[in-house]
Amino acid sequence: MTSPPILRRTALAGGALVAITGLVGCNDRRLRADVGPLTEAPPPTPSAPASSGVTIGMGSVKVALILPLTGPGQGAIAGQSLRNAAELAMTEFQGADVTILVKDDKGTAEGAREAANAALAEGAELVIGPLFAPAVSAAGQVARAAGKPVIAFSTDTTIASRGVYLLSFTPQPEVERVVSYATGQGRRSFAALIPESYYGNVVEGAFREAAAKSGARVVAVERYASGQPGPAVQRLTAIVSGDAAQADAIFIPDSGESLAAVGTALGGISFNPGRVKPLGTGVWNDPRATRIAALQGGWYAAPDQAGFAAFSGRYRAKFGSEPSRIATLSYDAVSLVVALARTQGPGRFSDSVLLGAAGFSGVDGTFRFRSDGGNDRTLAVLELRDGTTGVVSPAPKTLGAA
């Protein structure tokens, strides 16, 4: 398969890849809606009043954009950033025959249900958003009953299904990528330190599946309460430290202060990251992780870092504030919708088009929706290096077999 084109005018026929943007990239922070902490620093400042009933564009194809534009916590900040990114995409995609119906779900399931009903009554052919899992579930029920698809931003894969597709940064592709790379580098025996959390449950399952798929052996898995990894690390002493270590890699899907505590505990058992390679997920995209001695040389998978800075620059120029890390999801969703509206005719948002095997090229690389509602992404493997990160395996240009 050839590399995907980077021109937005590229047409899509059947399952062929369509580029929705030529600016590809990633940043070192993200909001993991539903499964993890908000790690935006600093949070973006809303540049316009949150509102519902507003439209973006004047095209004949109507789609809904349902976001938590008001409500408690930082969800409203993220929602405003997602809304701004949608406007940016429409501004940059010349001649878009699309109207976006912006709806506020207020961060609630009932709000999302009302917003979806209102948007469909106004003629929406597809729903973009919501952000949080309960809202996605509620909007998805409304949209499915009307035979309309949803492209949502939650990372909770339990609410995904055929017709309710997640464009978010989900854990499974990250786990599969880093485990596959590690086994390709000769690491065959894995231990794991897993936080006792919803996210930990999700990634443990993905880790076991990825290890089996790659032919690796899982020699031990220990769970620990957040911020209290000491006892679990002690139980792994004979497996991950010393010349007789049974594992040659250790999977640690944690972030922030909890990850620092893991590093301290590993230092207490004379853990050598040169002998037993630390492995992580995209939650390692945190400056604090790069400075943890026990993780130096560790690998994790994340979107390629080449283009988020460019996206951020354009966003800042237009809105005068920093975008949320997940703003690219809205940008890519809107760009995809506009491209499909331009090239696919009446079947533009059908499952057969959205599930095209080649996928679509976006800001964060190539992505593809799965029939179960999840997604595949092209991801880079990065290495922690004394306060910085470096790419050890670039993100592929195309996805493998579905």
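Is R223 buried, partly exposed or exposed? In this predicted model, R223 counts as partly exposed, at 23% relative accessibility. This residue makes a good starting point for a tour of the charged pairs, and from there the tour can move on to the main pocket.

The side chain of R223 meets that of E204 in a salt bridge, with a distance of 2.8 Å from N to O. E204 belongs to helix α5, whereas R223 sits in strand β9 (residues 217–224), so the pair ties together parts that are 19 residues apart in sequence. Unlike its partner, E204 counts as buried, because its relative accessibility is 15% and the cut-off for buried is under 20%. Elsewhere, E176, R368, R370 and D376 are joined into one network by salt bridges that share partners.

Over the whole structure, the search finds 18 salt bridges. Side chains of opposite charge can pair when their charged atoms come close. One of these pairs is formed by R314 and E92, whose side chains meet at 2.6 Å, N to O. Here R314 comes from helix α10 (residues 308–319) and E92 from helix α1 (residues 75–92), so this salt bridge ties together parts that are 222 residues apart in sequence. E92 is partly exposed, with a relative accessibility of 22%.

A salt bridge can also be found within a single helix. The side chains of E110 and R113 meet at 2.7 Å, N to O, and both residues lie in helix α2 (residues 109–121). Three residues, or about one turn of the helix, separate E110 from R113. Both partners are partly exposed: the relative accessible area is 41% for E110 and 28% for R113.

Attention now turns to the pocket. The largest pocket has a volume of about 400 Å³. Its lining consists of 17 residues, and those nearest the centre are P173, E176, R177, K213 and R377. Two or more lining residues come from each of the elements α4 (171–184), α5 (198–214) and β15 (375–377). Of these, α4 gives the most, with four residues.

What classes of residue make up the lining of the largest pocket? Seven of the lining residues are charged, while five are nonpolar and five are polar. The pocket and the charged pairs share some ground: E176, one of the residues nearest the centre of the pocket, is also part of the salt-bridge network with R368, R370 and D376. Helix α5 likewise appears in both settings, as it gives residues to the lining and holds E204, the partner of R223.

Key: Residues are numbered from 1 along each chain as its sequence is written. This is a predicted model: local features need pLDDT of at least 70, side-chain atom pairs count only at pLDDT 80 or more; totals for chains, interfaces and linings use all residues. Side-chain values use heavy atoms; hydrogens and water are left out. On a 1 Å grid over the protein atoms alone, a cavity is a set of points where a 1.4 Å probe fits but cannot get out, and a pocket is an open set with protein on both sides within 12 Å along at least five of seven lines; lining residues have an atom within 4 Å of a point. Grid points are joined across faces, edges and corners, and a volume is the space filled by probe spheres set on the points. Ala, Val, Leu, Ile, Met, Phe, Trp, Tyr, Cys and Pro count as nonpolar, Asp, Glu, Lys and Arg as charged, and the others, Gly among them, as polar. A salt bridge is a side-chain nitrogen of Lys or Arg within 4 Å of a carboxyl oxygen of Asp or Glu. Buried means under 20% relative accessible area, exposed over 50%, partly exposed in between (1.4 Å probe, protein chains only).
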